[in-house]
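I opened my notebook to look up two things, one after the other: the charged side-chain pairs and the pairing of some strands. The entries follow in the order in which I looked.

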Amino acid sequence: ARELVGRSVHVRARLWGALLHSLPCALRGGLWAGVRAAAMAASPPSPTSPKRDATVPTPPGGSSPPMVDRHGIYLSRRSMNAADGTSADLTPLMGMSSRNLVTGAIQIKNQSAFQDFVIVDLFSRKSISGSLEDLVKDPYLFRPVPMTYRTWIYHYEYIHNREAGKEENSTVRRALDYSCVDAPGNAGRWSPVMALVPMAMFISFVDDLLLLAPVLIMVWLGQSLANAMNTVSYYRYFRLATFPPRFAYYVFMLIRLVMTMGSQTGLGALGFLAALVCVFVDLAFGDIVAVRSFSLHCHYEIVSYFPQRIFVCRRVGAARLEEVFGHRGSVHEKVSGFAPWGKEHTLIADIQGVLMELRPMRRSDWNTLYDQNVVFSEALSYLSLDMFTHKKTGLEFCHGGGGVDQEVQGGHEVSQRMRCCVSSSAFFSTMPGFIKPGVVVHSAFMV
């Protein structure tokens with residue numbers, strides 16, 4: 001909307017008029033539907049672009065609106081193949097991830113410039129364009145979802161256990177074999193120091209040295225212990241290791257509050273109240289969330305090896321993942337080579353050192369891409385893995401280092417022969433990547 005307002009006074013008038021016109025739509029079907037309709041109405045159509053249809057508002061019942069056959073979306077190609085000239089922006093990422101020992105967030109270091117992409121395409125083509133009704137039926141287009149903790153474990157294994165396995169996929173297999181939470185959310189993995197530091201400040205208002213000294217000691221010990229346990233083997237047990245002293249201090253603080261309640265000043269009472277809020281945040285959003293997220297731990301077994309370092313995996317654990325976070329989509333049998341696609345199956349790709357779950361594109365994802373690309377004129381790109389070509393409709397891969405192309409159909413036969421489809425080229429010698437700090441793939445947030 002800011003881009004449209006900044007163009008001219010005429011466009012500004014059209015925007016406000018469209019907003020007022022779409023107010024009943026926003027009240028009836030949701031604010032976003034109204035804003036999107038206003039933006040589309042206010043945006044002056046390009047003489048070379050197709051006519052844009054209006055957005056159908058969401059019904060009052062909350063069900064998804066029907067897909068309108070909208071045209072004009074165009075995504076440029078990026079590839080990991082340096083020969084086609086579209087991979088110049090890919091930079092090495094292997095071993096550059098780290099875990100913040102306070103927040104528990106996974107970060108990528110030393111990545112100042114990166115060109116993003118929003119879709120992963122398994123089919124070899126020069127560009128993606130057309131109507132949304134046609135694109136939503138394409139089984140080769142996927143929404144990449146970064147597996148942040150799994151990638152950190154992958155990099156940790158690559159750095160510290162490089163000699164553990166000589167075969168090409170041994171590091172990926174060890175990383176997938178670790179048990180961790182791949183579901184969205186923090187899962188209580190942030191450090192209690194985040195609650196103890198403001199708690200120490202509020203306790204200082206109470207003017208009680210018996211309360212202030214222990215919390216300062218816990219801050220120092222907690223930070224030291226967090227640094228020592230910030231490894232793939234011990235990070236999960238940090239809250240468990242610090243729970244006994246924290247809980248004992250919280251009980252002691254309540255006892256001191258009851259004992260000194262009559263002598264507290266206004267500032268001391270306010271400090272006690274704020275400290276109790278910190279205790280509640282630490283226990284409710286840290287320890288309790290960590291306990292509730294224990295059932296979301298899982299690991300993966302590799303069922304089939306695809307070219308371009310794509311793996312069909314079976315998830316072991318996290319049985320209620322779909323019930324809590326919704327259906328992740330089903331991969332078409334043209335891609336997987338078997339049917340049906342179970343809820344425990346997962347398509348994982350090693351895209352230049354970052355493990356990503358590939359999920360089929362949804363209608364809501366295409367609506368979001370249309371708004372970004374066509375309505376707001378944002379240039380978007382997709383990453384082509386060139387796993388399928390126009391030569392054959394089935395699966396294509398080569399045996400060994402470059403043998404005869406074969407087409408395999410049928411679930412069991414694909415699963416067995418895919419184990420011979422690993423490229424013989426050295427992978428870790430040319431490890432480009434695609435993420436910079438604070439920026440993840442656009443499509444990871446298309447919900």
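**Entry 1, charged pairs.** Before looking, I wrote down that a salt bridge is a side-chain nitrogen of Lys or Arg within 4 Å of a carboxyl oxygen of Asp or Glu. I also noted that the model is a predicted one. The general idea behind the rule is that side chains of opposite charge can pair when their charged atoms come close. Counting by this rule, I arrived at 20 salt bridges.

**Entry 2, arginine 125.** I looked up the salt bridge between arginine 125 and aspartate 138, where the closest N and O atoms are 2.9 Å apart. This pair links distant parts of the chain, with arginine 125 in the loop between β5 and β6 and aspartate 138 in the loop between α5 and β7, 13 residues apart. I then checked the accessibility of both partners and found that arginine 125 and aspartate 138 are buried.

**Entry 3, arginine 359 and its network.** Next I found a salt bridge between the side chains of glutamate 357 and arginine 359, at 3.2 Å from N to O, and both of these residues are buried. I noted further that they belong to a network of salt bridges that links Arg315, Glu322, Arg328, Glu357 and Arg359.

**Entry 4, arginine 362.** Is each partner in the salt bridge of arginine 362 and aspartate 365 buried or partly exposed? The side chains of the two residues meet at 3.4 Å, N to O. Arginine 362 counts as partly exposed because its relative accessibility is 30%, and the class runs from 20% to 50%. Aspartate 365 has a relative accessible area of 0%, so this residue is buried.

**Entry 5, strand β9.** I turned to the strands and looked up β9, residues 297-306, which is mostly covered, with eight of its ten residues buried. On one side of my notes I put β8, residues 180-181, which pairs with β9 in the antiparallel sense over two bridges; here valine 181 stands opposite histidine 297 of β9.

**Entry 6, the hairpin.** Which strand does β9 join through eight bridges? The partner is β10, residues 310-317, and the two strands run antiparallel. As one bridge pair I noted isoleucine 302, whose partner in β10 is cysteine 313. I finished with the turn, since β9 and β10 form a hairpin with three residues between them, and glutamine 308 in that turn has a positive phi of about 60 degrees.

Technical notes
Residues are numbered from 1 along each chain as its sequence is written. This is a predicted model: local features need pLDDT of at least 70, side-chain atom pairs count only at pLDDT 80 or more; totals for chains, interfaces and linings use all residues. Side-chain values use heavy atoms; hydrogens and water are left out. Buried means under 20% relative accessible area, exposed over 50%, partly exposed in between (1.4 Å probe, protein chains only). Helices (H or I, at least four residues) and strands (E, at least two) are DSSP runs, numbered from the N terminus. Two strands pair if DSSP finds at least two bridges between them.
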